[in-house]
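User: Could you take a close look at one part of this model, the sheets together with the helices and loops around them, and walk me through how the pieces are arranged?

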Amino acid sequence: MKVWVFAEATDDKVTTATLELLTKAREIGSEVEAIYSGSGDTAAIAATVGSYGATKLHTMDPGDGLPGQVAAAPIAALVGTDNPDVILFAQTYDGRDALGRLSVRLDKPVLTNGMSLSVDGDSLLFGTAIFGGVVLVDVKLKDAAPALIAIRPKSFAAEESGGSAAEVVPLPAADSGRAAEARVLARHVEEQQGPKLEEATVVVSGGRGIGAAENYEPLVEELAKLLKGAWGASRAIVDAGWVPYALQVGQTGKTVKPKLYIALGISGATQHLVGMKNSDNIVAVNKDGEAPIFSVADLGIVGDVHKVVPALIELLKAKS
Amino acid sequence: MNVAVCVKQIPDPAVPGSLSADHTLDRSGKLILDESDSYGVEMALQLVDAAGGGEVTLISMAPNEEVSGLRTALAMGAAKAILVSDPALAGSDALSTAKVLAKSIERAGDIDLVLAATESSDGYTGTVPAQIAQLLDWPALTFSKHVEIADGKVKVQRQTEAGYDEVEASLPAVVSVTAGVVEPRYPSFKGIMAAKNKPVDKVTASDLGLEASQVGWEGARQEITNVEQAPARQAGEKFEDDGTGAEKLVAFLEQLKVV
Ligand SMILES: Cc1cc2nc3c(=O)[nH]c(=O)nc-3n(C[C@H](O)[C@H](O)[C@H](O)COP(=O)(O)OP(=O)(O)OC[C@H]3O[C@@H](n4cnc5c(N)ncnc54)[C@H](O)[C@@H]3O)c2cc1C
Ligand SMILES: Nc1ncnc2c1ncn2[C@@H]1O[C@H](COP(=O)(O)O)[C@@H](O)[C@H]1O
């Protein structure tokens, strides 16, 4: 099977979600190639994707266009000549843009929110979860290649293959039509301290139970920093504007899988659980003993975050 | 300026979901306006207001000629709606849905801007807006958390991993908005009364010139082979905080060697 991966990078660093896809691509395919739409250093990116098994890196520079959307036309042209069996995308902003546009260009259905993928004889078996993660569904594709599939980050482990750098092949220019009219005028980077949410060993998240926006820093951030971890949030406090969307964990936010997840004042709605319940260990502090978060917690403290968390922070400070 | 808003009508998310015998989401009960789309409706009303003219048209595909969710959005202030309802559309995937919505937008005619949510609450595919844009050959500004119109152009703040990008395109264009982009208004009593008489153009797939092979089950080209409950995670220990909660947490953290 010939498998392509739509690769993404922040600056010159290939995203972990891309490395996860490449690892999966190696498992289900005999030939693995990557496609990169962006202005990062292609030599550096080719070295990384190569060490995860890609033999070729098809590249294009979208300029100030939206990288996913303007990539669809050249990818569609390449599909016509190279006939891949599967194209994998991460369920990200640019991944979904590329996938949506490409599906129309190829008139192919998309499978999204994938959490498992395997080969059964000649067909692909795709697994996803619905109803906020409580019901698992397996799907068999009945369509001619290529299969267009988006996978949720953190669904697979990323493992290096030790391959050498992928061969860089620029994609021939193609007409993107009016998709190319969307132009990025400026980029705003919101300063991020500490480890990234998806990569941290410890994640501390706060929910509505912390009471107010100004409690987030002294309770959630402070504890996360003491544990050298990252801080996250439930959607309730993102929608309330207490913290930025980038911190949201769950169905419509990030999926995290740290060694330890600490939920402070979070009820544990299925849409939140789907983003964190595969963490190795889960700790919850909630004043309601019946809160659903306790059904997944390895250690649950039924108590007030305003008492328990400051006390915990004191004890940890005393220890260090 | 005329704005079309794609609004999905979905089973109430507060009620646990279920699947029909054919493994599609059970949509037989009463459907409501997807909360995610209430932001698009509000945004559209504000943009038309700011432009000083034009109207908001709702576009929805739903089974059984469902109008409850449309009435909510009409009560908020939308002028009219196109409702696509057809048994041939059962089992439609994201691409089929986008084909139906794109054809409906063409049917509405004279649309400058299409708004949709970044993802629906029940399906959460999150590809429909980009698919609609490609079908119409319009630019798409996806994952927008701020939208404004000036000089025939739409300018948005597009969510990124690192923050946001300012992105601009000429009209007509498709924009998908994230939750919280604006505060949706509550329909007034007057609005609710007026909504009852607003026009809803009910159409079928063939009215839109779509054939059965392009949409519905046939269009989806996939087979559901298994459905099962996700394995539940085992609950561990739970303690009432009697003043020793913090100590128990420290002991657990030490055991995990994170401190
Ligand atoms: C389509 C869809 C997608 C969604 N996606 C997401 C998502 O990605 N992520 C997400 O998180 N949610 C998501 N949600 C929302 C989700 O359903 C919940 O509404 C949300 O997770 C609730 O957030 P919360 O737990 O912070 O708030 P609440 O449910 O209000 O819970 C607050 C908790 O804090 C506790 N508490 C209150 N005071 C204290 C105190 N002093 N000390 C200790 N505990 C206290 C309460 O007992 C309660 O359990 C989604 C919903 C839908 C419909
Ligand atoms: N059946 C539908 N009727 C109207 N709008 C829809 C429909 N399905 C999807 N949409 C729009 O497309 C957005 C993204 O949907 P999805 O790609 O399914 O997550 C939704 O939030 C709606 O704005």
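Analyst: What follows is a description of the two open sheets, the helices that lie on them and a few backbone features in the loops.

Since this is a predicted model, the arrangement below should be read as a computed one. The sheet of six strands is open and has parallel pairing, with the order 14(A)-13(A)-15(A)-16(A)-17(A)-13(B). Its edges are strand 14 (230–233) of chain A and strand 13 (237–240) of chain B, and because each of these has a single partner strand, one side of each is left without a neighbour in the sheet. From one strand to the next, the twist averages 15°. Within this sheet, strand 13 (residues 202–206) of chain A pairs with strand 15 (residues 260–264) of chain A in the parallel sense over five bridges, and A:Val203 has A:Tyr261 in strand 15 of chain A as its bridge partner. Helix 7 (residues 245–255) of chain B packs on the sheet, where it touches strand 15, strand 16 (281–286) and strand 17 (299–302) of chain A as well as strand 13 of chain B, and its direction makes about 170° with that of strand 17 of chain A.

The other open sheet is formed by 10 strands with mixed pairing, in the order 11(A)-5(A)-4(A)-1(A)-6(A)-10(A)-7(A)-8(A)-9(A)-12(B). Strand 11 (167–170) of chain A and strand 12 (222–229) of chain B are the edge strands, each pairing on one side only. Neighbouring strands here are turned by 30° against each other on average, direction ignored. Strand 11 of chain A pairs with strand 5 (residues 56–60) of chain A in the parallel sense over four bridges, and A:Glu167 in strand 11 of chain A stands opposite A:Lys56. Helix 2 (residues 42–51) of chain A lies across strand 4, strand 5 and strand 11 of chain A, running at about 150° to strand 5 of chain A. Helix 1 (residues 16–28) of chain A lies across several strands of chain A, among them strand 1 (2–7), to which the helix runs at about 180°.

The loops hold some backbone features that deserve a separate look. Most peptide bonds are trans, and most residues other than glycine have a negative phi. The bond joining A:Ala145 and A:Pro146 is cis, with omega about -5°, and A:Pro146 is placed in the loop between strand 9 (135–141) and strand 10 of chain A. A:Asn83, although not a glycine, has a positive phi of about 45°; this residue is found in the loop between helix 3 (67–82) and strand 6 of chain A. With a relative accessible area of 53%, A:Asn83 is exposed.

How values were computed: Residues numbered from 1 in each chain as written. Chains lettered and ligands numbered in written order. Predicted model: local features only at pLDDT ≥ 70, side-chain atom pairs only at ≥ 80, totals over all residues. Heavy atoms only, no water. Pairing = 2+ DSSP bridges. Helix = DSSP H or I, 4+ residues; strand = E, 2+ residues; numbered from the N terminus. Axes fitted to C-alpha atoms, helices over the stretch in contact; angles between N-to-C directions. Contact = heavy atoms within 4.5 Å. Buried < 20%, exposed > 50% of the residue type's maximum accessible area, 1.4 Å probe, protein only.
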